[in-house]
Structure formats: structure tokens, C-alpha cells
Amino acid sequence: MPGFEVFGEEERQAINDIFDKNGGILFAHGFDAMRNGVYRVREFEAAVCKKFNVKYAQAVASCTAALRIALAAAGVGRGDEVIIPAFTFVATAEAVIQTGADLVIVDIDESFNMDPDAFEAAITDRTKLVMPVHMMGAPADMDRIPAIAAKRGVMVIEDSAQGVGGTWRGKHLGTIGAMGCYSFDAGKVMITGEGGMTITNDESLFVKARAYHDHGHEYSTTVGRGAEGAIGEGFNYRMTELQGAIGIVQLGKLDMIVETQRANKAKLKALLDDGGFPFRYRKILDEGELGDALIFFLESRDQTQAFLAGMQQEGLGTKNIPDAIRWHFAKHWSHMFEKYGWYRDSYATLWSRSADILEQSVAVPIMIKMTDARIEEVAAKLLKIAKDVA
Ligand SMILES: Cc1ncc(COP(=O)(O)O)c(C=O)c1O
């Protein structure tokens, strides 16, 4: 997810523009008489709507915030259950915990995303919402998950933090469920330093999300901000003009980022296939994936450790699996569950299918600035290690 690889002069110019054109007003709202008509956050939201073919977008401080305001808009609270996959970033779980709802965590399948059967089996009469997560740029099953959810009266919110620019059956990830949430943090496909967005085609969800992100503000068109009423509770999850300005520039680079990643992944995979790479790859459900990483399965935990030792020796890094698995696999989150008494004493057996998948696989990062020579070098090293551990 290398938005940071193509971050520089254009973004710097966009920030200078804020100071040159409106004297440096960084607040996204108000100051109307002083800002010379410059509203970068609003422009960024409009550009996102156009790019992803969605009606409403609310820019916020992070995707964690986007998830929280989406859950607030959906009316999730105490007594409800929300289903998420065992492989995601902790933020998905944190956002649910903040609502007071009960978290229900289900296994992934070989797509490294929520197993639709596990989702269906976990539904109870308290299930309010499901959050499929498009991990490492590849879509969860957005045919089956929404179909099951619709049949059982469960709302779908997509955690598309890692899926910005990806598609499912030609539709942008994040636009298929009732709401979608994007991340623009420093490690994502396109970046604003910190930042996120909640998108939806449903006006009433948008109005609630917008209010929640800004202390409940109703966003009146007739009175000034100070005189506005509140339409409900809220918090401060606002985005600043600096992030809005950078977001507009990065959005303009998104197609290039995605095309380059996909091409680099395809080149690496072709070289491995030509060299007889013996391991199975992650199951990709739709070619609209982002090409963020090449993930493959080893045949045992011992072989995985041997492969990783080989990678270390050859100077190759991994992407999240396994280097940051602690932050991405629910098995390691007892610190979040203890207070609620969830999942006590059962980590050894819970999510065992996810553990088998995540503990016997390796993710190789794909970068935009990988030259053909570098891709050839990585392929040669992976082939050599595979031969050594086979
Ligand atoms: C799947 C997922 N959800 C949510 C988030 C939270 O995003 P942010 O860092 O913008 O709060 C992340 C960030 O890594 C993520 O990967």
C-alpha cells in the first residue's frame, strides 16, 4: 500500500496553496468570510464521491473514526452484536467495542477474508451488523456476505481501510454495503498522513454520520455554525484542510498506484510460476484486487519458520504476515477482551482455522518503485528459499 512512495512535491504545493490562497485556514468549517472560497475537505469529499461513484462522503481524522461514526449512524449500541473477521487490524474491533455492542469474531477462509459460512453460523437474534474487511487490498466475498446479511436482516458496513481503489464485480470496495470506510493513514494505498472517509448512498446514514463526527452538528444551510442545533450525540473526528488538500492530490495518483502495484505483482508471480514455485497462493475472489502483497501457503508451521529464516538471510521482508500479526489477528488481543470477559481461556482453540491459515503463510510486499531488476532479484531469492525448504 505504498501511497507514501509517491508523496512529495505536488502534496507540498497543495499545502502551500492553503497558505497562499486563504491565509492558512486549516479548519474545514466556518471562517467563510476569510477563506476566499477555499474548502479543501469539502473538495476532497466531492472528488471521492465522483471517483468511487457514491453519493455521500464524510471525511474524518482516521479510518478508526470512520468506522466509529458509521457504527453510530447505523445505531449500533448496547445489547447488539457485531460480527467481524479474526484477521483485520485491531481498529475494527476497537470501533465496535466503543459502541458498547458485543463483538463476535469469526474465522477467515483461504481468501484471508471473512468466511461467509462462519458469518452465517454466528448470526443470532442480537446480530445488528457485519463488517467484512478487504484485507491487503483483496475483496471479501461481496456476493455471499451481503446476500446472507439481507436474508437475516443484518446491516453491512465494509471496512475498506486497505481496499481503496479496489473493486468487486466492477464496483468500488466500500460502496457495496450500506456504508464503507476508507483509511488514508501513512501506510495505505493513498495517504493524507492520518485520515479516513465514510461513504454511503443512503442520505439518512450520511446525515447521522456527519453529525456524529462533529459533536452532533446538524450542518444547517441557513444559520451559522455557532447557532446550529444538534441532531444527536457526537465527538470530534474532523479532518483538517491540510489532509483535505493532500487527499485531493493523492486521489489523482490512485489509478497509477493501483495499476503499477498490479503490474508488479503480476511480474513477480509470472517469474515464480516460470521457476516452478511449489506453493499455493492466497485465493483471490475478484481481479479487482490491488496487488498489495503476494501471499502463499507453506505446508506446515515448521516449514513456514524455515522459509522465514531463509527470507531473513536473503534480506527479504514480509508484510504483516507474520511481522505485524499481533495487531491483525484476534488471537493476540486478550488485552482488549479481558475487561469484558470475552473469549477467556480459549485462545488455543478459538479461530483455529484462521490460525492454520495465518501461521502457515507468508506475505511478500509489492511496492510501486520495484524495478524489473528488483522484481527478478526477489523472485530468484524466493525460488532459492523454496528449493531449500522443500
Ligand atoms: C483493516 C483496517 N481497518 C481500520 C484501520 C484503521 O485505519 P486508521 O489508521 O486510518 O485509523 C486500519 C489501519 O491499518 C486497517 O488496516
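**Exercise 1. The domain interface**

Task: Work out how many residues of domain 1 and domain 2 are in contact, and which elements of domain 1 give two or more residues to that side.

Solution.
- Start with the count. In this predicted model, 31 residues of domain 1 are in contact with 31 residues of domain 2.
- Go to the elements next. Helix 4 (90–99), strand 3 (102–106), strand 6 (167–168) and helix 8 (241–274) each give two or more residues to the domain 1 side.
- Rank them. Helix 4 gives the most, with 3 residues.
- Sort the domain 1 side by class. It has 18 nonpolar, 8 polar and 5 charged residues.
- Place the domains. The domain assignment puts domain 1 at 3–251 and domain 2 at 254–389. Their centres, taken over C-alpha atoms, are 26 Å apart.

**Exercise 2. Helix 3 and its surroundings**

Task: Decide how many residues of helix 3 are buried, and name the elements they pack against.

Solution.
- Use the cut-off: a residue is buried if 20 or more other C-beta atoms lie within 10 Å of its own.
- Apply it to helix 3 (63–73). Here 11 of the 11 residues are buried, so helix 3 is largely enclosed by the rest of the structure.
- Read off some names. Among the buried residues are Cys63, Thr64, Arg68 and Leu71.
- Find the partners. The buried residues pack against strand 1, helix 4, strand 5 (155–159), strand 8, strand 9 and helix 7.
- Step past the end of the helix. Just after helix 3, Gly75 takes a positive phi of about 80°.

**Exercise 3. Helix 7 against helix 3**

Task: State how many residues of helix 7 are buried, then describe how helix 3 and helix 7 pack.

Solution.
- Count first. Helix 7 (residues 203–212) is mostly covered, with 7 of its 10 residues buried.
- Name them: Leu205, Phe206, Lys208, Ala209, Arg210, Ala211 and Tyr212.
- Look at the cover. It includes strand 1 (56–60), helix 3, strand 8 (179–183) and strand 9 (196–200).
- Now take the angle. Helix 3 and helix 7 pack at about 125°, and their axes are 8 Å apart. That makes helix 3 oblique to helix 7.
- Add the hand. Helix 3 passes helix 7 in a right-handed crossing.
- List the contact. Helix 3 supplies Ile69, Ala70, Ala72 and Ala73, while helix 7 supplies Leu205, Lys208, Ala209 and Tyr212.
- Classify it. The contact has 7 nonpolar, no polar and 1 charged residues.

**Exercise 4. Helix 1 against helix 8**

Task: Describe how the axes of helix 1 and helix 8 cross, and which residues make the contact.

Solution.
- Begin with the axes. Those of helix 1 (residues 9–22) and helix 8 come within 9 Å and cross at roughly 140°.
- Convert the angle to a word. Helix 1 and helix 8 are therefore oblique to each other.
- Give the hand. Helix 1 passes helix 8 in a right-handed crossing.
- List the residues. From helix 1 come Glu10, Glu11, Ala14, Ile15, Asp17 and Ile18. From helix 8 come Glu241, Leu242, Ala245, Ile246, Ile248 and Val249.
- Classify the contact. It has 8 nonpolar, no polar and 4 charged residues.
- Check the spacing rule. An α-helix has 3.6 residues a turn, so residues three or four places apart point the same way.

**Exercise 5. Backbone features in loops**

Task: Locate Asn36 and Tyr219, and say whether each is buried, partly exposed or exposed. Then find the loop that holds Pro322.

Solution.
- Asn36 is in the loop between helix 1 and helix 2 (40–52). Its phi is near 60°, a positive value in a residue other than glycine.
- Count around Asn36. With 13 other C-beta atoms within 10 Å, Asn36 is partly exposed.
- Tyr219 is in the loop between helix 7 and helix 8. Its phi is also positive, about 60°, although Tyr219 is not a glycine.
- Count around Tyr219. With 12 other C-beta atoms within 10 Å, Tyr219 is exposed.
- Pro322 sits in the loop between helix 9 (301–313) and helix 10 (334–337). The peptide bond from Ile321 to Pro322 is cis, with omega near 5°.

**Exercise 6. A proline in a loop**

Task: Is Pro139 buried or exposed, and which residues does Pro139 touch?

Solution.
- Locate Pro139. It lies in the loop between strand 4 (127–130) and helix 6 (144–151).
- Count neighbours. With 29 C-beta neighbours inside 10 Å, Pro139 counts as buried.
- List contacts, leaving out residues up to four places away in sequence. They include His134, Trp168, Leu173, Leu285 and Glu289.
- Compare sequence with space. Pro139 and Ser111 are 28 residues apart in sequence and 8.3 Å apart in space, C-alpha to C-alpha.

Terms used. Residues numbered from 1 in each chain as written. Predicted model: local features only at pLDDT ≥ 70, side-chain atom pairs only at ≥ 80, totals over all residues. Domains from an automatic or database assignment. Contact = placed C-beta atoms within 7 Å. Helix = DSSP H or I, 4+ residues; strand = E, 2+ residues; numbered from the N terminus. Nonpolar A, V, L, I, M, F, W, Y, C, P; charged D, E, K, R; others polar. Axes fitted to C-alpha atoms, helices over the stretch in contact; angles between N-to-C directions. Parallel < 35°, antiparallel > 145°, perpendicular 65-115°, else oblique. Left-handed = near helix turned anticlockwise from the far one by under 90°.
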